[in-house]
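Q: Please take one part of this structure and examine it closely. I should like to know how the chosen part is placed, what surrounds it, and how it fits into the chain as a whole.

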Amino acid sequence: MLNRIPAFDYPFYYVEQIENYKDANKYLLEILRQKKIEDPIGRNVSNRGGYQTSHFWSHELFHEFGKIIKPYIEELKKEIRLKDGIQIDVDGAWINENKGFNFNVPHLHPKCHFAAVYYIKFPKNGGAIGFQNPNKAASMFGLMDATDCSHFRHDLDIVPKTGSLLIFPSYFEHYVLQGDNIDTRITCAFNMKINEDES
Ligand SMILES: [Fe+2]
């Protein structure tokens, strides 16, 4: 029997639909509504088209969203075997509203350990999120048609649904593909830092 050694195992996690996603969406959509009044143009970073709020660090309703996702962050702490007393802190968030043909170019999330995307609204045939294999050497084998093992793949697309949560290392290069319908896709992205100052 082969015993797998999880060498350099990527901490990449997916929740198909979080508990209480309807409440989460209510809080985040209200933040989006307020931000669009404060700043109707939004910012342009990796997005091509669509609307992106400025980076925000605190908002009463984001705090409420934080309570909903806390169990998943606690699970993440166990998954990555964080030592007792070491915390994972959310370090800023932003909300994206894209129409079907808008997209995001490949990018990373600097100055943090994990990036996360929560799907407030994901329409049928909306644009999937794509990830490039951070191990460029693996895809050089050219075995992409010989195996389904993602180790050998150049990229990996994930089609989420409303209420899905993705958590991945901040150095994972990712992008958003164009969708096949013009309905709105709304996401909340946020960064997380491992805080080594024991509480
Ligand atoms: Fe991103």
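A: The account below first sets out the whole chain and then turns to strand β6 and its surroundings.

The model is a predicted one. Its chain contains three helices and eleven strands, and from the N terminus these elements follow one another as β-α-β-β-α-β-β-β-β-α-β-β-β-β. The C-alpha trace spans about 60 × 45 × 30 Å along the principal axes. The radius of gyration is 17 Å, which agrees with the value near 16 Å that a compact globule of 199 residues would have. Of these 199 residues, 27% count as buried. Among contacts with a separation of 6 or more, 85% join residues 24 or more positions apart.

Strand β6 covers residues 114–121. Seven of its eight residues are buried, so the strand is largely enclosed by the rest of the structure. A residue counts as buried here if 20 or more other C-beta atoms lie within 10 Å of its own C-beta atom.

The pairing of β6 accounts for part of its surroundings. Strands of a sheet pair through backbone hydrogen bonds, in either a parallel or an antiparallel sense. β6 runs antiparallel to β11, to which seven bridges join it. β6 also pairs with β9, again in the antiparallel sense, over five bridges. Val117 of β6 takes part in both pairings: its bridge partner in β11 is Ala189, and its bridge partner in β9 is Leu166. Tyr119, for its part, stands opposite Thr187 in β11.

The partner strand β11, residues 185–195, is itself mostly covered, with eight of its eleven residues buried. Besides its bridges to β6, β11 has ten bridges to strand β4 (residues 87–98), and the two run antiparallel. Within that pairing, Phe190 of β11 is the bridge partner of Ala93. β11 is thus joined by bridges to β6 and to β4.

These strands also contribute to the nonpolar interior. In soluble globular proteins, nonpolar side chains tend to be buried together. The largest nonpolar core here has 30 residues, and those with the most contacts inside it are Leu28, Ala116, Cys188 and Ala189. Two or more residues of this core come from each of α1, α2 (60–79), β4, β6, β9 (165–169) and β11. β6 gives the most, with seven residues. Ala189, listed among the residues with the most contacts in the core, is also the β11 partner of Val117.

Helix α1 (21–38) is another contributor to the core. At 1.5 Å a residue, its 18 residues should span 26 Å, and the end C-alpha atoms are indeed 26 Å apart. An α-helix has 3.6 residues a turn, so residues three or four places apart point the same way. The buried residues of α1 are Ala24, Tyr27, Leu28, Ile31 and Lys35. Seen down the helix axis, the buried residues of α1 fall within an arc of 90°, so they line one face of the helix. Lys22, Arg33 and Ile37, on the other side of α1, are exposed. The buried residues of α1 pack against α2, β4, β6 and β11. Leu28 shows this at the level of one residue: leaving aside residues up to four places away in sequence, it touches Phe65, Ile95, Ile120 and Cys188.

Two loops next to these elements deserve a remark on their backbone. Asn125 lies in the loop between β6 and β7 (129–132). Its phi is near 60°, a positive value in a residue other than glycine. Asn125 counts as exposed, with 12 C-beta neighbours inside 10 Å. Asn20, in the loop between β1 (13–15) and α1, likewise is not a glycine and has a positive phi of about 60°. With 14 other C-beta atoms within 10 Å, Asn20 is partly exposed.

One further sheet completes the picture. An open sheet of five strands has the order β2-β5-β10-β7-β8, with antiparallel pairing. Its edges are β2 (47–48) and β8 (155–158), each of which has a single partner strand, so one side of each is left without a neighbour in the sheet. β2 is joined to β5 (residues 103–107) by two bridges, and Asn47 stands opposite Asn104 in β5.

In sum, β6 is largely enclosed, is bridged to β11 and to β9, and gives seven residues to the largest nonpolar core.

Definitions and conventions:
Residues are numbered from 1 along each chain as its sequence is written. This is a predicted model: local features need pLDDT of at least 70, side-chain atom pairs count only at pLDDT 80 or more; totals for chains, interfaces and linings use all residues. Helices (H or I, at least four residues) and strands (E, at least two) are DSSP runs, numbered from the N terminus. Two strands pair if DSSP finds at least two bridges between them. The radius of gyration is taken over C-alpha atoms; the globule rule is 2.2 Å times the number of residues to the power 0.38. Two residues are in contact if their C-beta atoms, placed from the backbone, lie within 7 Å. A nonpolar core is a set of buried Ala, Val, Leu, Ile, Met, Phe, Trp, Tyr and Cys residues joined through C-beta atoms within 7 Å. The expected span of a helix is 1.5 Å times one less than its number of residues. The arc is that of the directions from the helix axis to the C-beta atoms.
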